[in-house]
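User: Hi! I'm new to reading protein structures. Could you walk me through this one with a few questions?

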Amino acid sequence: MKDPMRGLRRSLAMIVLMAALLHGCALKEYAGPGTDVSARYRPMPELPQRLPSNEPVSVFGAATEFQGSPLAEVGYQALFAVHPAASTEIAILPNGDVSFAARMQMLEAAHTSIRIQALIFAGDEAGLKIAEVLKSKKAAGLDVRVIVDAVSNLDLQTQWMYFDLKQHGIEVQGYESLYLQWLNEIPLPPLLASLRDPEAPNHRYHEKMWIIDGETTDRRAVVGGLNIANAYFRIDQTEPDGNWRDQDIVVKGALVADMVTAFDRNFAHFRDIKKSRGIFNTDIYWEATRDALETLGKMTVPYQTDAERVARVNNLAMTKPDLHFVKARSRFFHNRPRLGETYLPQAYAKLFAHARQEILICNAYFIPAQEVIDAIRNAVNRGLQVRILTNSPETNDLPEMSMVGRSYYSEILALNNTDEARQSGGRVQIWEWHGKRFGRIRQTQGTIHAKYAVFDRQYALVGSYNLDPRSEKLNSETAVVFESGTLASELARVFYENDLAFSRLVTPREAAEFKDPTDAIYKLRKEFGDIFAPLL
(Lines give C-alpha, C1' and ligand atoms only; values in the text may rest on other atoms or scores of the structure.)
Protein backbone atom coordinates (compact mmCIF):
# COMPACT_ATOMS: atom_id res chain seq x y z
CA MET A 1 0.00 0.00 0.00
CA LYS A 2 1.34 3.44 -0.94
CA ASP A 3 2.36 5.56 2.03
CA PRO A 4 0.61 8.95 1.62
CA MET A 5 3.16 10.63 3.89
CA ARG A 6 6.22 9.31 2.09
CA GLY A 7 6.60 12.34 -0.17
CA LEU A 8 6.20 14.78 2.70
CA ARG A 9 8.74 12.96 4.86
CA ARG A 10 11.18 12.82 1.96
CA SER A 11 10.81 16.55 1.35
CA LEU A 12 11.32 17.35 5.04
CA ALA A 13 14.39 15.13 5.15
CA MET A 14 15.82 16.90 2.15
CA ILE A 15 15.25 20.29 3.75
CA VAL A 16 17.04 19.20 6.92
CA LEU A 17 19.97 17.84 4.93
CA MET A 18 20.09 20.93 2.79
CA ALA A 19 20.32 23.16 5.85
CA ALA A 20 23.37 21.20 6.95
CA LEU A 21 25.06 20.88 3.59
CA LEU A 22 24.03 23.83 1.46
CA HIS A 23 26.81 26.18 2.45
CA GLY A 24 29.38 23.67 3.58
CA CYS A 25 29.95 21.51 0.54
CA ALA A 26 31.74 22.47 -2.62
CA LEU A 27 30.08 21.79 -5.94
CA LYS A 28 31.56 19.03 -8.02
CA GLU A 29 33.19 20.08 -11.29
CA TYR A 30 32.50 17.21 -13.67
CA ALA A 31 35.20 18.38 -16.04
CA GLY A 32 37.58 21.24 -15.42
CA PRO A 33 37.77 24.11 -17.88
CA GLY A 34 39.80 23.09 -20.90
CA THR A 35 39.59 19.32 -20.49
CA ASP A 36 38.05 19.10 -23.97
CA VAL A 37 39.56 21.05 -26.86
CA SER A 38 36.04 21.65 -28.17
CA ALA A 39 35.38 23.69 -25.03
CA ARG A 40 38.01 26.27 -25.94
CA TYR A 41 36.95 29.81 -26.67
CA ARG A 42 36.91 30.78 -30.34
CA PRO A 43 36.47 34.23 -31.94
CA MET A 44 33.24 35.25 -33.62
CA PRO A 45 32.72 33.07 -36.70
CA GLU A 46 31.30 34.13 -40.02
CA LEU A 47 27.55 33.73 -40.37
CA PRO A 48 26.38 30.60 -42.21
CA GLN A 49 25.80 31.29 -45.88
CA ARG A 50 22.03 31.09 -45.98
CA LEU A 51 19.54 33.47 -47.47
CA PRO A 52 17.81 35.61 -44.85
CA SER A 53 14.06 35.41 -44.53
CA ASN A 54 12.05 37.55 -46.93
CA GLU A 55 9.09 37.48 -44.56
CA PRO A 56 8.54 40.58 -42.40
CA VAL A 57 9.56 39.86 -38.80
CA SER A 58 6.32 39.45 -36.89
CA VAL A 59 7.78 40.76 -33.62
CA PHE A 60 7.25 44.17 -35.25
CA GLY A 61 3.80 43.19 -36.48
CA ALA A 62 0.38 44.59 -35.71
CA ALA A 63 -1.49 43.90 -32.49
CA THR A 64 -3.54 41.27 -34.32
CA GLU A 65 -0.36 39.18 -34.56
CA PHE A 66 -0.12 39.01 -30.77
CA GLN A 67 -2.32 37.63 -28.04
CA GLY A 68 -3.28 40.34 -25.56
CA SER A 69 -4.41 40.14 -21.96
CA PRO A 70 -7.58 38.10 -21.40
CA LEU A 71 -8.82 40.90 -19.14
CA ALA A 72 -11.13 43.10 -21.20
CA GLU A 73 -10.10 46.28 -19.38
CA VAL A 74 -6.42 45.57 -20.17
CA GLY A 75 -6.48 44.03 -23.66
CA TYR A 76 -3.48 45.28 -25.67
CA GLN A 77 -2.73 48.14 -23.27
CA ALA A 78 0.93 47.13 -22.83
CA LEU A 79 1.64 46.26 -26.47
CA PHE A 80 3.46 49.39 -27.55
CA ALA A 81 3.92 50.65 -31.08
CA VAL A 82 6.89 49.93 -33.32
CA HIS A 83 9.22 52.92 -33.69
CA PRO A 84 11.00 53.47 -37.02
CA ALA A 85 14.76 53.77 -37.03
CA ALA A 86 14.61 57.52 -37.62
CA SER A 87 12.92 58.11 -34.25
CA THR A 88 15.03 56.09 -31.81
CA GLU A 89 18.76 55.62 -31.15
CA ILE A 90 20.38 52.87 -29.07
CA ALA A 91 23.87 52.34 -27.63
CA ILE A 92 25.24 49.10 -26.19
CA LEU A 93 26.61 49.23 -22.64
CA PRO A 94 29.14 46.39 -22.55
CA ASN A 95 29.10 45.83 -18.78
CA GLY A 96 27.93 47.09 -15.41
CA ASP A 97 30.73 49.58 -14.70
CA VAL A 98 30.06 51.35 -18.00
CA SER A 99 26.33 51.27 -17.23
CA PHE A 100 26.95 52.92 -13.85
CA ALA A 101 29.04 55.67 -15.43
CA ALA A 102 26.38 56.29 -18.09
CA ARG A 103 23.59 56.34 -15.51
CA MET A 104 25.42 58.84 -13.31
CA GLN A 105 26.10 61.15 -16.25
CA MET A 106 22.41 60.99 -17.15
CA LEU A 107 21.40 61.74 -13.56
CA GLU A 108 23.66 64.77 -13.33
CA ALA A 109 22.23 66.14 -16.59
CA ALA A 110 18.58 65.59 -15.57
CA HIS A 111 16.54 68.80 -15.58
CA THR A 112 12.87 67.74 -15.47
CA SER A 113 12.22 64.26 -14.06
CA ILE A 114 13.80 61.01 -12.89
CA ARG A 115 11.99 57.67 -12.85
CA ILE A 116 13.79 54.59 -11.52
CA GLN A 117 12.44 51.07 -11.13
CA ALA A 118 14.48 48.01 -10.14
CA LEU A 119 13.87 44.76 -8.32
CA ILE A 120 16.78 45.69 -6.03
CA PHE A 121 18.01 49.16 -5.07
CA ALA A 122 20.54 48.44 -2.34
CA GLY A 123 21.81 50.83 0.32
CA ASP A 124 25.46 50.05 -0.43
CA GLU A 125 28.12 52.41 -1.75
CA ALA A 126 26.69 52.55 -5.28
CA GLY A 127 23.09 52.88 -4.11
CA LEU A 128 23.93 55.58 -1.58
CA LYS A 129 25.75 57.61 -4.23
CA ILE A 130 22.66 57.47 -6.44
CA ALA A 131 20.41 58.35 -3.49
CA GLU A 132 22.44 61.49 -2.76
CA VAL A 133 22.03 62.69 -6.34
CA LEU A 134 18.30 61.94 -6.24
CA LYS A 135 17.88 64.06 -3.11
CA SER A 136 19.77 66.97 -4.66
CA LYS A 137 17.68 66.76 -7.83
CA LYS A 138 14.47 66.66 -5.80
CA ALA A 139 15.62 69.73 -3.89
CA ALA A 140 16.21 71.45 -7.24
CA GLY A 141 12.56 70.91 -8.13
CA LEU A 142 12.67 67.78 -10.31
CA ASP A 143 9.95 65.12 -10.22
CA VAL A 144 11.79 62.12 -8.73
CA ARG A 145 10.07 58.76 -8.27
CA VAL A 146 11.35 55.28 -7.41
CA ILE A 147 9.80 51.80 -7.53
CA VAL A 148 11.42 48.79 -5.85
CA ASP A 149 10.24 45.26 -5.11
CA ALA A 150 8.90 45.07 -1.57
CA VAL A 151 10.34 41.69 -0.57
CA SER A 152 13.74 41.99 -2.29
CA ASN A 153 15.20 44.88 -0.27
CA LEU A 154 14.98 43.91 3.38
CA ASP A 155 18.52 44.88 4.41
CA LEU A 156 18.26 47.37 7.29
CA GLN A 157 20.61 49.95 5.78
CA THR A 158 18.65 49.78 2.53
CA GLN A 159 15.43 50.38 4.42
CA TRP A 160 16.95 53.43 6.12
CA MET A 161 18.09 54.75 2.73
CA TYR A 162 14.51 54.51 1.50
CA PHE A 163 13.33 56.35 4.63
CA ASP A 164 15.84 59.08 3.89
CA LEU A 165 14.59 59.40 0.31
CA LYS A 166 10.99 59.53 1.53
CA GLN A 167 11.69 62.19 4.16
CA HIS A 168 13.22 64.31 1.41
CA GLY A 169 9.98 64.11 -0.58
CA ILE A 170 10.88 61.28 -2.99
CA GLU A 171 8.20 58.63 -3.36
CA VAL A 172 9.54 55.07 -3.06
CA GLN A 173 6.82 52.60 -3.98
CA GLY A 174 7.46 49.15 -2.56
CA TYR A 175 8.76 50.48 0.76
CA GLU A 176 7.11 51.28 4.07
CA SER A 177 8.68 52.14 7.43
CA LEU A 178 9.10 49.40 10.02
CA TYR A 179 8.89 46.71 7.30
CA LEU A 180 5.16 47.33 6.89
CA GLN A 181 5.32 46.57 3.17
CA TRP A 182 3.27 43.49 3.87
CA LEU A 183 0.26 45.75 4.32
CA ASN A 184 0.39 46.39 0.58
CA GLU A 185 1.29 42.80 -0.35
CA ILE A 186 -1.12 40.50 1.46
CA PRO A 187 -4.62 40.48 -0.10
CA LEU A 188 -6.96 41.13 2.81
CA PRO A 189 -10.26 39.24 2.23
CA PRO A 190 -12.52 42.33 2.23
CA LEU A 191 -10.37 43.91 -0.44
CA LEU A 192 -9.99 40.97 -2.85
CA ALA A 193 -12.54 42.37 -5.28
CA SER A 194 -10.68 45.63 -5.67
CA LEU A 195 -7.23 44.04 -5.74
CA ARG A 196 -8.15 41.49 -8.40
CA ASP A 197 -4.90 39.68 -7.60
CA PRO A 198 -5.28 37.16 -4.75
CA GLU A 199 -1.84 35.74 -5.60
CA ALA A 200 -0.20 39.15 -5.28
CA PRO A 201 2.60 38.02 -2.92
CA ASN A 202 3.99 35.71 -5.62
CA HIS A 203 3.78 38.25 -8.45
CA ARG A 204 7.03 40.15 -8.12
CA TYR A 205 8.18 43.31 -9.88
CA HIS A 206 11.35 42.47 -11.80
CA GLU A 207 11.30 45.43 -14.22
CA LYS A 208 14.42 47.54 -14.73
CA MET A 209 13.80 51.10 -15.97
CA TRP A 210 16.00 54.16 -15.56
CA ILE A 211 14.32 57.10 -17.28
CA ILE A 212 15.63 60.66 -17.39
CA ASP A 213 13.58 63.68 -18.59
CA GLY A 214 11.04 61.35 -20.14
CA GLU A 215 8.64 64.15 -21.11
CA THR A 216 11.20 66.17 -23.06
CA THR A 217 13.06 65.98 -26.35
CA ASP A 218 16.21 65.20 -24.31
CA ARG A 219 14.68 61.98 -22.95
CA ARG A 220 17.02 59.06 -22.33
CA ALA A 221 16.65 55.73 -20.62
CA VAL A 222 18.57 52.62 -19.62
CA VAL A 223 16.96 49.20 -19.87
CA GLY A 224 18.44 45.73 -19.42
CA GLY A 225 19.32 43.30 -16.67
CA LEU A 226 20.96 45.46 -14.01
CA ASN A 227 19.60 46.10 -10.58
CA ILE A 228 21.13 48.85 -8.44
CA ALA A 229 23.86 47.48 -6.17
CA ASN A 230 27.65 47.20 -6.01
CA ALA A 231 27.88 43.78 -7.65
CA TYR A 232 25.94 44.82 -10.76
CA PHE A 233 28.13 47.90 -11.24
CA ARG A 234 31.36 45.93 -10.57
CA ILE A 235 32.36 48.22 -7.71
CA ASP A 236 34.51 45.71 -5.83
CA GLN A 237 36.66 43.89 -8.37
CA THR A 238 38.86 42.21 -5.80
CA GLU A 239 36.53 39.21 -5.61
CA PRO A 240 34.04 37.60 -8.02
CA ASP A 241 31.00 38.21 -5.80
CA GLY A 242 31.47 41.95 -6.27
CA ASN A 243 32.17 41.76 -9.99
CA TRP A 244 29.16 40.47 -11.91
CA ARG A 245 28.64 40.48 -15.68
CA ASP A 246 25.44 42.13 -16.91
CA GLN A 247 23.98 43.81 -19.98
CA ASP A 248 22.20 47.13 -20.51
CA ILE A 249 21.44 49.44 -23.40
CA VAL A 250 20.88 53.20 -23.51
CA VAL A 251 17.89 54.44 -25.48
CA LYS A 252 17.06 57.95 -26.61
CA GLY A 253 14.15 59.17 -28.68
CA ALA A 254 10.56 58.08 -29.20
CA LEU A 255 10.85 54.66 -27.53
CA VAL A 256 11.51 56.31 -24.16
CA ALA A 257 7.92 57.64 -24.11
CA ASP A 258 6.66 54.04 -23.94
CA MET A 259 8.90 53.36 -20.95
CA VAL A 260 7.45 56.45 -19.27
CA THR A 261 3.95 55.09 -19.84
CA ALA A 262 4.91 51.68 -18.41
CA PHE A 263 6.56 53.23 -15.36
CA ASP A 264 3.64 55.56 -14.68
CA ARG A 265 1.18 52.66 -14.92
CA ASN A 266 3.27 50.74 -12.39
CA PHE A 267 3.46 53.74 -10.09
CA ALA A 268 -0.32 54.22 -10.27
CA HIS A 269 -0.81 50.49 -9.61
CA PHE A 270 1.03 50.71 -6.28
CA ARG A 271 -0.68 53.96 -5.34
CA ASP A 272 -4.14 52.56 -6.12
CA ILE A 273 -3.50 49.43 -4.05
CA LYS A 274 -2.79 51.63 -1.03
CA LYS A 275 -5.80 53.83 -1.67
CA SER A 276 -8.04 50.76 -1.67
CA ARG A 277 -7.01 49.99 1.92
CA GLY A 278 -8.79 52.88 3.57
CA ILE A 279 -7.30 53.72 6.94
CA PHE A 280 -4.39 51.36 6.15
CA ASN A 281 -3.33 53.65 3.30
CA THR A 282 0.22 54.41 4.42
CA ASP A 283 0.49 57.47 2.16
CA ILE A 284 -1.83 59.32 4.57
CA TYR A 285 0.62 58.82 7.43
CA TRP A 286 3.66 59.65 5.31
CA GLU A 287 2.21 63.06 4.55
CA ALA A 288 1.76 63.66 8.26
CA THR A 289 5.31 62.46 8.92
CA ARG A 290 6.75 64.82 6.32
CA ASP A 291 4.81 67.74 7.81
CA ALA A 292 6.28 66.94 11.21
CA LEU A 293 9.80 66.67 9.80
CA GLU A 294 9.45 70.08 8.17
CA THR A 295 8.97 71.51 11.65
CA LEU A 296 11.35 69.28 13.62
CA GLY A 297 14.04 68.88 10.98
CA LYS A 298 15.13 65.90 8.94
CA MET A 299 16.53 62.84 10.65
CA THR A 300 20.24 62.16 10.12
CA VAL A 301 20.68 58.62 8.82
CA PRO A 302 24.09 57.01 9.53
CA TYR A 303 25.51 54.51 7.02
CA GLN A 304 28.30 51.93 7.12
CA THR A 305 30.51 52.21 4.03
CA ASP A 306 33.94 51.10 2.84
CA ALA A 307 36.38 53.84 1.88
CA GLU A 308 37.87 51.96 -1.08
CA ARG A 309 34.46 51.17 -2.53
CA VAL A 310 33.34 54.79 -2.02
CA ALA A 311 36.42 55.96 -3.94
CA ARG A 312 35.69 53.51 -6.77
CA VAL A 313 32.06 54.72 -6.93
CA ASN A 314 33.15 58.37 -7.05
CA ASN A 315 35.70 57.70 -9.79
CA LEU A 316 33.17 55.81 -11.90
CA ALA A 317 30.57 58.53 -11.38
CA MET A 318 32.93 61.05 -12.97
CA THR A 319 33.73 58.84 -15.94
CA LYS A 320 32.18 59.81 -19.25
CA PRO A 321 31.67 56.65 -21.31
CA ASP A 322 32.12 56.83 -25.06
CA LEU A 323 28.66 55.81 -26.27
CA HIS A 324 28.04 55.01 -29.93
CA PHE A 325 24.37 55.59 -30.72
CA VAL A 326 22.86 53.92 -33.78
CA LYS A 327 19.41 54.49 -35.21
CA ALA A 328 17.32 51.32 -34.91
CA ARG A 329 13.77 50.20 -35.49
CA SER A 330 12.57 49.16 -32.05
CA ARG A 331 9.74 48.08 -29.80
CA PHE A 332 9.43 48.21 -26.02
CA PHE A 333 7.74 45.26 -24.32
CA HIS A 334 6.15 45.32 -20.88
CA ASN A 335 5.06 41.89 -19.67
CA ARG A 336 2.77 41.56 -16.61
CA PRO A 337 1.68 37.97 -15.92
CA ARG A 338 -0.59 39.15 -13.12
CA LEU A 339 -2.70 40.65 -15.93
CA GLY A 340 -2.39 37.61 -18.18
CA GLU A 341 0.14 39.20 -20.54
CA THR A 342 2.60 37.00 -22.43
CA TYR A 343 4.24 39.49 -24.77
CA LEU A 344 7.84 38.53 -24.06
CA PRO A 345 7.36 34.76 -24.56
CA GLN A 346 5.59 35.67 -27.78
CA ALA A 347 8.43 37.99 -28.81
CA TYR A 348 10.98 35.22 -28.28
CA ALA A 349 8.84 32.78 -30.28
CA LYS A 350 8.53 35.23 -33.18
CA LEU A 351 12.25 35.97 -33.24
CA PHE A 352 13.09 32.26 -33.15
CA ALA A 353 10.71 31.54 -36.00
CA HIS A 354 12.08 34.35 -38.19
CA ALA A 355 15.79 33.51 -37.76
CA ARG A 356 17.54 31.76 -40.65
CA GLN A 357 21.23 31.67 -39.74
CA GLU A 358 22.19 31.99 -36.08
CA ILE A 359 20.63 32.42 -32.63
CA LEU A 360 22.68 33.53 -29.62
CA ILE A 361 21.07 33.39 -26.17
CA CYS A 362 22.68 34.68 -23.00
CA ASN A 363 20.39 34.12 -20.03
CA ALA A 364 21.25 34.11 -16.35
CA TYR A 365 18.62 31.58 -15.25
CA PHE A 366 17.88 29.07 -18.00
CA ILE A 367 15.06 26.67 -17.12
CA PRO A 368 13.36 26.42 -20.51
CA ALA A 369 9.66 25.84 -21.06
CA GLN A 370 8.71 23.15 -23.56
CA GLU A 371 7.83 25.90 -26.05
CA VAL A 372 11.43 27.15 -25.89
CA ILE A 373 12.83 23.67 -26.47
CA ASP A 374 10.44 23.20 -29.41
CA ALA A 375 11.61 26.53 -30.86
CA ILE A 376 15.25 25.39 -30.56
CA ARG A 377 14.34 22.10 -32.26
CA ASN A 378 12.69 23.89 -35.16
CA ALA A 379 15.66 26.23 -35.53
CA VAL A 380 18.18 23.38 -35.58
CA ASN A 381 16.07 21.44 -38.07
CA ARG A 382 16.11 24.52 -40.33
CA GLY A 383 19.91 24.50 -40.28
CA LEU A 384 20.56 27.25 -37.72
CA GLN A 385 23.53 27.47 -35.39
CA VAL A 386 22.12 27.98 -31.87
CA ARG A 387 24.39 28.85 -28.97
CA ILE A 388 23.05 29.13 -25.43
CA LEU A 389 25.04 30.59 -22.53
CA THR A 390 23.95 30.43 -18.90
CA ASN A 391 25.43 30.19 -15.42
CA SER A 392 27.13 27.15 -13.98
CA PRO A 393 26.15 26.30 -10.40
CA GLU A 394 29.59 27.52 -9.36
CA THR A 395 28.78 31.06 -10.52
CA ASN A 396 25.01 31.22 -10.10
CA ASP A 397 23.90 33.29 -7.11
CA LEU A 398 21.10 30.68 -6.87
CA PRO A 399 23.05 27.45 -7.65
CA GLU A 400 20.03 25.16 -7.47
CA MET A 401 18.50 27.00 -10.42
CA SER A 402 21.42 25.94 -12.60
CA MET A 403 21.10 22.38 -11.34
CA VAL A 404 17.44 22.30 -12.32
CA GLY A 405 18.22 23.91 -15.67
CA ARG A 406 20.91 21.32 -16.37
CA SER A 407 18.20 18.65 -16.37
CA TYR A 408 17.17 19.92 -19.83
CA TYR A 409 20.63 19.83 -21.41
CA SER A 410 20.46 16.23 -22.62
CA GLU A 411 17.14 16.78 -24.37
CA ILE A 412 18.43 19.92 -26.04
CA LEU A 413 21.79 18.48 -27.13
CA ALA A 414 20.04 15.38 -28.48
CA LEU A 415 18.50 17.65 -31.12
CA ASN A 416 21.89 17.50 -32.89
CA ASN A 417 21.41 13.79 -33.55
CA THR A 418 18.15 13.89 -35.50
CA ASP A 419 18.00 13.17 -39.23
CA GLU A 420 16.66 16.68 -39.82
CA ALA A 421 19.64 18.28 -38.05
CA ARG A 422 22.15 16.12 -39.93
CA GLN A 423 20.58 16.98 -43.28
CA SER A 424 20.27 20.70 -42.58
CA GLY A 425 23.61 21.17 -40.82
CA GLY A 426 21.91 22.79 -37.83
CA ARG A 427 23.46 22.51 -34.41
CA VAL A 428 22.88 23.66 -30.84
CA GLN A 429 25.57 24.26 -28.23
CA ILE A 430 25.21 24.96 -24.51
CA TRP A 431 27.93 26.92 -22.74
CA GLU A 432 28.25 27.49 -19.00
CA TRP A 433 29.75 30.61 -17.51
CA HIS A 434 32.61 29.92 -15.07
CA GLY A 435 33.86 33.47 -14.59
CA LYS A 436 37.43 32.59 -15.54
CA ARG A 437 39.19 32.62 -18.87
CA PHE A 438 40.18 29.42 -20.60
CA GLY A 439 43.22 27.83 -19.00
CA ARG A 440 43.17 30.16 -15.96
CA ILE A 441 42.81 28.86 -12.43
CA ARG A 442 41.56 32.03 -10.77
CA GLN A 443 37.93 33.09 -11.12
CA THR A 444 37.70 36.84 -11.65
CA GLN A 445 34.05 37.32 -12.66
CA GLY A 446 30.97 36.56 -10.56
CA THR A 447 27.45 35.70 -11.68
CA ILE A 448 26.51 36.43 -15.27
CA HIS A 449 23.19 38.21 -14.79
CA ALA A 450 22.65 39.30 -18.41
CA LYS A 451 19.49 38.54 -20.38
CA TYR A 452 19.95 39.17 -24.09
CA ALA A 453 19.57 37.36 -27.40
CA VAL A 454 20.80 38.02 -30.95
CA PHE A 455 19.16 36.69 -34.12
CA ASP A 456 21.05 36.58 -37.43
CA ARG A 457 23.15 39.52 -36.16
CA GLN A 458 20.30 41.70 -37.32
CA TYR A 459 17.79 41.62 -34.45
CA ALA A 460 18.36 41.61 -30.70
CA LEU A 461 16.42 41.52 -27.44
CA VAL A 462 17.81 43.07 -24.24
CA GLY A 463 15.91 43.25 -20.99
CA SER A 464 15.09 41.78 -17.60
CA TYR A 465 13.37 38.60 -18.86
CA ASN A 466 14.85 35.23 -17.87
CA LEU A 467 13.98 32.03 -19.70
CA ASP A 468 12.60 30.45 -16.55
CA PRO A 469 9.15 29.78 -15.04
CA ARG A 470 9.19 32.84 -12.78
CA SER A 471 9.73 35.32 -15.60
CA GLU A 472 7.25 33.49 -17.80
CA LYS A 473 4.40 33.18 -15.31
CA LEU A 474 4.98 35.39 -12.27
CA ASN A 475 7.32 38.37 -12.62
CA SER A 476 6.58 41.65 -14.38
CA GLU A 477 9.37 42.21 -16.92
CA THR A 478 10.64 44.69 -19.51
CA ALA A 479 12.71 44.35 -22.69
CA VAL A 480 13.54 46.14 -25.92
CA VAL A 481 13.65 44.40 -29.29
CA PHE A 482 15.59 46.28 -31.96
CA GLU A 483 16.66 45.84 -35.57
CA SER A 484 20.15 47.01 -36.51
CA GLY A 485 22.94 45.03 -38.13
CA THR A 486 25.48 47.32 -36.47
CA LEU A 487 24.10 46.99 -32.93
CA ALA A 488 23.22 43.29 -33.17
CA SER A 489 26.70 42.49 -34.50
CA GLU A 490 28.25 44.51 -31.67
CA LEU A 491 26.24 42.49 -29.15
CA ALA A 492 27.17 39.24 -30.92
CA ARG A 493 30.82 40.20 -30.63
CA VAL A 494 30.37 40.74 -26.88
CA PHE A 495 28.82 37.25 -26.74
CA TYR A 496 31.68 35.56 -28.59
CA GLU A 497 34.71 37.58 -27.57
CA ASN A 498 33.87 38.31 -23.94
CA ASP A 499 31.16 36.04 -22.59
CA LEU A 500 32.28 32.76 -24.19
CA ALA A 501 35.85 33.60 -23.19
CA PHE A 502 34.82 33.10 -19.56
CA SER A 503 32.76 29.98 -20.28
CA ARG A 504 33.13 26.45 -21.53
CA LEU A 505 31.16 24.09 -23.70
CA VAL A 506 28.95 21.43 -22.12
CA THR A 507 29.53 17.96 -23.59
CA PRO A 508 26.80 15.31 -24.07
CA ARG A 509 28.54 13.17 -21.48
CA GLU A 510 28.34 15.94 -18.92
CA ALA A 511 24.72 16.63 -19.82
CA ALA A 512 23.85 12.99 -19.11
CA GLU A 513 25.57 13.20 -15.74
CA PHE A 514 23.75 16.44 -14.90
CA LYS A 515 20.40 14.82 -15.62
CA ASP A 516 21.09 11.73 -13.50
CA PRO A 517 23.90 12.69 -11.11
CA THR A 518 25.84 10.12 -9.16
CA ASP A 519 27.27 12.54 -6.62
CA ALA A 520 24.99 12.27 -3.56
CA ILE A 521 25.24 15.88 -2.40
CA TYR A 522 24.77 17.28 -5.89
CA LYS A 523 21.76 15.00 -6.39
CA LEU A 524 20.27 16.15 -3.10
CA ARG A 525 20.64 19.80 -4.02
CA LYS A 526 19.21 19.22 -7.49
CA GLU A 527 16.16 17.44 -6.06
CA PHE A 528 15.71 20.28 -3.59
CA GLY A 529 15.66 22.68 -6.51
CA ASP A 530 13.21 20.45 -8.40
CA ILE A 531 10.68 20.84 -5.58
CA PHE A 532 10.51 24.58 -6.20
CA ALA A 533 11.10 24.48 -9.97
CA PRO A 534 7.63 25.91 -10.83
CA LEU A 535 8.44 28.99 -8.73
CA LEU A 536 12.05 29.49 -9.87
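User: In what order do the eight strands of the open sheet stand?

Analyst: Happy to help, and keep in mind that this is a predicted model. The sheet is open and its pairing is mixed. Reading across, the order is β9-β15-β14-β13-β10-β11-β12-β16.

User: Which strands stand at the edges, each with a single partner strand?

Analyst: A strand with a single partner has one side left without a neighbour in the sheet, so look at the two ends of the order. Those places belong to β9 (329-335) and β16 (503-505).

User: Which residue in β13 is the bridge partner of N363?

Analyst: Strands β10 (residues 358-363) and β13 (residues 451-455) run antiparallel and are joined by five bridges. In one of the pairings, N363 meets its partner in β13, which is K451.

User: Is F66 buried or exposed?

Analyst: Buried means under 20% relative accessible area. F66 has 4% relative accessibility, so F66 counts as buried.

User: What kind of aromatic pair do F66 and Y343 form?

Analyst: F66 is in the loop between α1 (6-21) and β1 (88-93), while Y343 is in helix α11 (residues 343-354), 277 residues apart. Their ring centres are 6.3 Å apart, with 65° between the planes. Planes over 60 degrees apart count as edge-to-face, so the F66 and Y343 pair is edge-to-face.

User: Which residue has its charged end over the ring of F66?

Analyst: The ring of F66 is also part of a cluster with F333 and Y343. The charged end over F66 is 4.6 Å from the ring centre, and it belongs to K350.

Note on methods:
Residues numbered from 1 in each chain as written. Predicted model: local features only at pLDDT ≥ 70, side-chain atom pairs only at ≥ 80, totals over all residues. Heavy atoms only, no water. Pairing = 2+ DSSP bridges. Helix = DSSP H or I, 4+ residues; strand = E, 2+ residues; numbered from the N terminus. Phe/Tyr/Trp six-rings, centres within 6.5 Å; stacked < 30°, edge-to-face > 60°. Buried < 20%, exposed > 50% of the residue type's maximum accessible area, 1.4 Å probe, protein only. Lys NZ or Arg CZ within 6 Å of the ring centre and 35° of its normal.
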